[in-house]
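Me: I have a two-part request: show me the structure, and then help me see how its descriptive words are earned. I would like each answer to go back to the definition.

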Amino acid sequence: MLFSAPSVERLVEAFRRLPGIGKRTAERLALHLLSAPEEEAQLLSEAVLEARARVRQCSVCCNLTETDPCPVCADDRRDAATICVVERPAGAMAIEKGGAYRGRYHVLHGALSPIEGIGPSELRIDRLMRRLEEDAVREVILATNATAEGEVTATYLSQKIAALGIAVTRIAHGVPMGGGLEFADDATLAHAIEGRTPVR
Amino acid sequence: MYVQRVECRLFRCLENVIFEPEPALNIIRGGNAQGKTSLLEAVLFAATSKSHRTNVESELPQYGADQFQLRLRAQRDTGAVDIESRWFRGTKRIKVNGVPQTRLSDLLGRVNVVFFSPEDVDLVRGGAAQRRRFLDMAISQVQPPYLAALQMYRQALRQRNELLRAAQPDHDHIAVWDAQLAQYGAVMTAQRAAFIAALSDHAARAYTQIAGAEPLALEYAPDVRMDESLAAVLERSRTSDIKRRVTQRGPHRDDFAVLVDARPARSHASQGQQKSAALAIKLAELALARERVGEYPVLMLDEVLAELDAQRARRLLDAIDPQVQCLMTTTELEDRHGFRDAGSALFRIERGRLEKD
């Protein structure tokens, strides 16, 4: 920074707390907002506050939503007997973009990670179990991430859900569509070979 | 495969060095602290992103500098590989053939190297941790799925240990980490067993060539036997693990025994035998990598000649296949082994400056 101004430093710090933002980017964003027309800063701060005020967790699936229940949970055309469990809203959004999934979601808001102090009670697992007991669910698809934490969370859930007699599936690991095999990383390819399926 | 060209900038005492070795035997001569080992270390670091001397990367830039750059060009049967490694104030950026790499697994195996330095006698004399480190690095270079399993296992182990330190550990929660450890642990154990069995055959052959008559053998000593279930072992030791707040059983406690004349070399072999055994293990790694990858890795031998008498030095050189590119350092300035006559490339390094003789 060329000058020292406590208010600017506070703004930079605020940006730095956001995921994926380093020191340089934080400074660039702050300086941009300060040199751009005042309306732009106004627009941003209002948009942040308004979104914060309107968005909450869906009382059914825990996804972020403006209406409760969320549009997916409220949509009768969607298959209520299938629930896809994801770690974060971004996961549900990614699957939704794919367009192939017609069931409902459940967002855990994290994965088991003792290092970060996240145990079963920190996740929305109780809410999921209540849903499974109350609704007529036939299949739970575990779509947690392919990390150690995501895998463990999937194992934990599968054990709890299996006790209820509901089918549990785990999403497949595989090769990206439209990509040559040579572009997939070795671990993904090894998984893809292991998880191969018969040609129908 | 062979290294064609290495550029070092601000790496250790190598301010600005270009090294262009020949595809076969290269001898780098120089006194102590002139930069011989640093030159080999530069090749190792470019190829594996690791140093054999330190885990603290901030020790690698030249004294007073806050950055270094390495560039390595190698020829493989399949074509040229170009690795660029830039370190700037704690941040490392690696490019392979101009493409930025974010994961270690994407770098390992591009240029395979086998490195031997005098401290590697600890493979035989030192603790189990050193042998595990060797195994993990050697297998990861030739079997990428091993590295993936190892990284998942290590992460699960960190998580489980953290859970064991909690005020009131939740048994159901520990059990799922056990399942994770068992899954990836099984991959590690199977690959380690296969690797050590193959390594043992090659090492026995190399040992006979360089040292003499006594038979050498390597025996895998897994912490949890392969016919036992790791999941069951973890479950049985859970209460005790909670008391001690650490995961006491599993592949992270594995070892392998080095046997000379059927006795543990660690306690029963002479210093000379221990050195020869360590060297034989490295030569075995080289031969095994060739079987798995299809061509020989680059062999680097740091200061091995000084410790061997003329006869053993000769036997060592005879044991190395002429197809192997070997980068060898020595403090001996006169050419008592007749390298020049044998057609080897000779280099001399002095105060960080390299010259071809």
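Me: What makes the link between the side chain of Thr144(A) and the backbone oxygen of Gly150(A) a polar contact?
Reply: The side chain of Thr144(A) comes to 2.8 Å from the backbone oxygen of Gly150(A). A polar contact is a pair of N or O atoms within 3.5 Å; within protein, one must be able to donate a hydrogen and the other to accept it, and residues adjacent in sequence count only if both atoms are side-chain atoms. The 2.8 Å therefore fits the distance limit. This is a predicted model, where local features need pLDDT of at least 70 and side-chain atom pairs count only at pLDDT 80 or more, while totals for chains, interfaces and linings use all residues. Side-chain values use heavy atoms, leaving out hydrogens and water; residues are numbered from 1 along each chain as its sequence is written, and chains are lettered from A and ligands numbered from 1 in the order in which they are written.

Me: Is Thr144(A) buried or exposed, and how do you know?
Reply: Buried means under 20% relative accessible area, exposed over 50%, and partly exposed in between (1.4 Å probe, protein chains only). Thr144(A) has 2% relative accessibility, so it counts as buried. You can find Thr144(A) in the loop between strand 5 (139-142) and helix 7 (148-162) of chain A; helices (H or I, at least four residues) and strands (E, at least two) are DSSP runs, numbered from the N terminus.

Me: Which residues does Thr144(A) touch, not counting residues up to four places away in sequence?
Reply: Contact means heavy atoms within 4.5 Å. The residues that Thr144(A) touches in this way are Val85(A), Glu87(A), Leu108(A), Gly150(A), Thr153(A), Ala154(A), Arg170(A) and Ile171(A).

Me: Let's go to chain B. Why does Tyr207(B) count as buried or exposed, whichever it is?
Reply: Its relative accessible area is 0%, so Tyr207(B) is buried. Tyr207(B) sits in helix 6 (residues 171-210) of chain B. Its side chain also makes a polar contact with the side chain of Glu214(B), at 2.9 Å. Beyond its neighbours within four places in sequence, Tyr207(B) is in contact with several residues, including Leu216(B), Val260(B) and Ala280(B). The C-alpha atoms of Tyr207(B) and Ala284(B) are separated by 9.2 Å, with their positions 77 residues apart along the chain.

Me: What makes Asp66(B) buried, exposed or partly exposed?
Reply: The value is 28%, so Asp66(B) is partly exposed. Asp66(B) belongs to the loop between helix 1 (36-48) and strand 4 (67-76) of chain B. Leaving aside neighbours within four places in sequence, Asp66(B) is in contact with Trp87(B), Phe88(B) and Arg89(B).

Me: And what about Arg89(B): buried or exposed?
Reply: Arg89(B) has a relative accessible area of 60%, which means that it is exposed. Arg89(B) lies in the loop between strand 5 (79-88) and strand 6 (91-96) of chain B.

Me: What is phi of Arg89(B) near, and why mention it?
Reply: Phi of Arg89(B) is near 45 degrees, a positive value in a residue other than glycine. It is worth mentioning because most residues other than glycine have a negative phi, and most peptide bonds are trans. His109(A) is not a glycine either, and has a positive phi of about 60 degrees. On the peptide-bond side, the bond from Asp68(A) to Pro69(A) is cis, with omega near -5 degrees. Pro69(A) is in the loop between strand 2 (64-65) and helix 4 (71-74) of chain A.

Me: Why are helix 4 and helix 5 of chain B called oblique to each other?
Reply: Helix 4 (residues 128-142) and helix 5 (residues 144-164) of chain B pack at about 135 degrees, with axes 5 Å apart. Axes are lines fitted to C-alpha atoms, for helices over the stretch in contact, and angles run from 0 to 180 degrees between N-to-C directions. Angles under 35 degrees count as roughly parallel, over 145 as roughly antiparallel, 65 to 115 as roughly perpendicular and the rest as oblique. The two helices are therefore oblique to each other. Residues making this contact include Ile139(B) of helix 4 of chain B and Leu147(B) of helix 5 of chain B.

Me: How much area do chain B and chain A bury between them?
Reply: They bury about 1500 Å², 68% of it on carbon and sulfur atoms. Buried area is the accessible area (1.4 Å probe) that two parts lose on being put together, summed over both. The contact takes 21 residues from chain B and 20 residues from chain A.
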